[in-house]
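Here is a short report on one helix and one ligand site. Keep the structure open while reading.

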Amino acid sequence: MADYDWRPDQARTSLNRILPEVEKAYSADLQQAPHEWHKFKNRLHREWERLFIYLHQLYGWQYDFFYTLERILKSLVQYWLERPSELKLLDEKREAEPTWFMSENMVGGVLYVDLFSDNLAKLDDHISYFKKLGLTYLHLMPLLAVPKGDNDGGYAVSDYRAINPDIGTMEELSKLAAALREEGISLALDFVFNHTSDQHMWAQKAKSGDPDFMAYYYTYPDRELPDQFQKYLRDIFPTIRKGSFTWCEEMKRWVWTTFNSFQWDLNYSNPEVFRAMAEEMLFLANQGVKVLRLDAVAFIWKRLGTNCENQPEAHTIIRAFNAMTKIVAPCLLFKSEAIVHPDEVIRYIHPDECQLSYNPLLMALLWEALATREVKLLEHSMRNRYRTPAGCTWVNYVRCHDDIGWTFDDQDARNIGLDPVGHRKFLNKFYTGDYPGSFSKGVPFQFNADTGDVRISGTFSSLAGLEDAVEKQDTELIERAIRRINLLRSIQVSIGGIPLLYIGDEWGMLNDYTYLTDPTKVNDSRWVHRSRKRWEAREDLTDQDTLEWRFFHEMVKLFNLRKKLPALRNGGMEVIHTGNSHLFGYIRAFKDQKILIVNNFTEEPQLMETAHLRAWGVKGNVINLLNDVVLPENSNLILDDHRAVWLDISQP
Ligand code: GLC
């Protein structure tokens with residue numbers, strides 16, 4: 001007989017004990033909205049059991065666990081009371097339609113407010129630009145208060161409730177969220193919850209010796225434990241510093257700092273940290289944020305003798321946050337940022353955890369296939385690793401603000417006859433332009449002399465050959481680079497998931513080397529692809545002879561086409577055998593609509609034979625939806641230099 005699980009009963013009992021007390025404490029407020037309160041309680045009763053179980057797993061062994069439960073329930077009620085009524089209405093709408101974000105209408109963009117429009121107030125003026133592009137999702141890169149100077153591009157937060165004053169105010173953010181909502185655009189923000197800046201009030205109090213706040217971080221009086229941990233940890237920014245611990249002179253203690261020495265890892269084994277960060281999260285949700293990008297999820301739990309990445313408790317913490325949002329702010333989604341092995345990336349994706357996740361594997365393998373002109377690794381990996389749990393989907397990107405790391409699985413590479421170590425070396429050489437015939441102008445990021453590892457910085461266009469071609473003033477090479485870019489875009493938009501455009505790429509932004517003259521940026525080559533939007537260049541985008549015009553219109557065309565094709569909504573994707581190792585093909589289908597998509601990763605024309613086409617459902621004349629050209633019955637498909645086709649193979 002299975003062991004009796006006492007937890008559901010205990011969960012109910014605890015709730016029955018705590019809730020009346022909380023209701024008493026907030027009775028004046030609750031009496032004002034009895035109907036709403038009833039709905040809240042329904043959600044609470046629905047989610048409480050799992051929240052209890054997660055919290056028990058994390059903190060049940062601590063003598064004051066009941067106090068933790070009480071405080072968390074109070075926080076839930078408090079943040080629900082503070083939640084604006086328009087957002088509560090939206091919560092109800094989203095609950096009735098929980099997979100709204102799977103729609104073919106979802107198209108995302110991401111930008112740095114200061115680099116795009118200087119500040120939040122001016123961003124408002126560009127909503128029409130987002131509409132012109134067709135965006136329905138907008139991710140603003142970190143914009144909360146941070147120390148001046150090096151703050152890791154905003155990822156060292158010193159106050160989760162204040163906007164960086166150079167960028168604006170919290171009130172402006174809420175207003176912007178509402179304005180975007182009016183236009184059908186969902187606002188996404190980062191939730192940098194693995195660490196705070198060493199200037200955060202909690203860190204300051206810790207530095208002053210306050211034991212309650214010292215317990216917010218991992219601090220050690222000597223090297224004994226740090227040395228034991230360190231044996232298994234990897235260096236994330238090896239060119240900046242070695243090791244994951246920083247000496248704090250004020251405290252006279254070592255502090256755990258996975259990333260930069262000024263980013264102090266939070267100690268989630270302390271339930272106060274969990275509660276405090278949950279409150280920061282609910283506060284942001286109440287400003288109208290619809291998607292929180294959970295930053296650096298892999299690192300949030302430490303365990304001696306492991307590499308302290310992807311620990312089971314990291315999942316439990318996120319699930320507990322998820323249960324809290326389902327109670328207070330059910331329209332909020334989580335997007336996981338786990339740039340780790342693909343086996344681990346997928347584990348963060350679940351309706352009870354992160355409904356969305358970056359897809360670093362697709363991103364890396366698109367670049368891999370572009371360099372090798374072979375689609376074997378891409379095809380093999382996507383066939384086995386694309387599926388996500390129901391009700392969840394990928395966020396597909398080609399470039400973002402970070403570097404590119406070659407995160408494919410070693411065994412996947414071996415299965416198709418590649419030596420993974422040698423292959424990564426090749427890719428690094430290729431993308432830093434250090435390989436004969438390379439078209440790429442990438443910049444090395446974080447070369448690790450001990451392991452030989454390196455990652456790649458650079459913009460989409462510079463990596464794809466445009467910078468090199470423009471420098472050489474070679475029109476043929478320019479056209480080829482454009483085709484490469486369009487090829488990756490067409491896959492990003494059609495393969496299934498939310499396509500996320502790194503704003504600037506819609507104009508073919510090239511590397512910007514001015515970071516080399518800024519002492520706060522010079523050691524971080526990621527700034528080569530984080531540049532100011534050159535509005536003065538082509539704001540009206542009317543001059544059809546410019547590259548900017550061509551890139552922009554191709555992007556808009558693809559987004560618009562996607563929105564007309566329900567088959568491209570996020571869901572199933574079947575990788576097919578094209579019978580040609582240079583052609584990557586897949587089928588997208590929804591209800592009656594079926595689309596066969598084939599992409600040529602070489603400069604030469606490539607052929608997919610009729611027999612293969614027929615095997616995948618091509619019958620009679622079929623139309624290429626990208627240009628309305630008909631592929632006549634019984635003919636081979638011939639794809640030119642880096643071309644794609646989206647063949648409509650729906651049966652009448
Ligand atoms: C994430 C961010 C990256 C940052 C790191 C530390 O990986 O994307 O830019 O450096 O977290 O916060």
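R373 follows helix α16 and has a positive phi, near 65°. Helices here are DSSP runs of H or I with at least four residues, numbered from the N terminus. This is a predicted model, in which local features need pLDDT of at least 70, side-chain atom pairs count only at pLDDT 80 or more, and totals for chains, interfaces and linings use all residues. Residues are numbered from 1 along each chain as its sequence is written, and side-chain values use heavy atoms, with hydrogens and water left out.

**Helix α16**

α16 covers residues 360-372, 13 in number. From first C-alpha to last it reaches 18 Å, close to the 18 Å expected at 1.5 Å a residue. That expected span is 1.5 Å times one less than the number of residues. Twelve of the 13 residues are buried, so α16 is largely enclosed by the rest of the structure. Buried means under 20% relative accessible area (1.4 Å probe, protein chains only). Among the buried residues are P360, W367, E368 and A371.

**Ligand site**

Residues surrounding the ligand include D152, Y155, H195, F237, H401 and D402. Near means that a heavy atom lies within 4 Å. Three side chains place an N or O atom by a ligand oxygen, as listed here.

| Side chain | Distance to a ligand oxygen atom |
|---|---|
| R293 | 2.8 Å |
| E337 | 2.9 Å |
| R526 | 3.2 Å |

A polar contact is a pair of N or O atoms within 3.5 Å. The protein covers 95% of the 310 Å² of accessible area that the ligand has on its own. Accessible areas come from the Shrake-Rupley method with a 1.4 Å probe.

Terms used. Polar contact = N/O pair within 3.5 Å; in protein donor to acceptor, adjacent residues only side chain to side chain. Helix = DSSP H or I, 4+ residues; strand = E, 2+ residues; numbered from the N terminus. Buried < 20%, exposed > 50% of the residue type's maximum accessible area, 1.4 Å probe, protein only.
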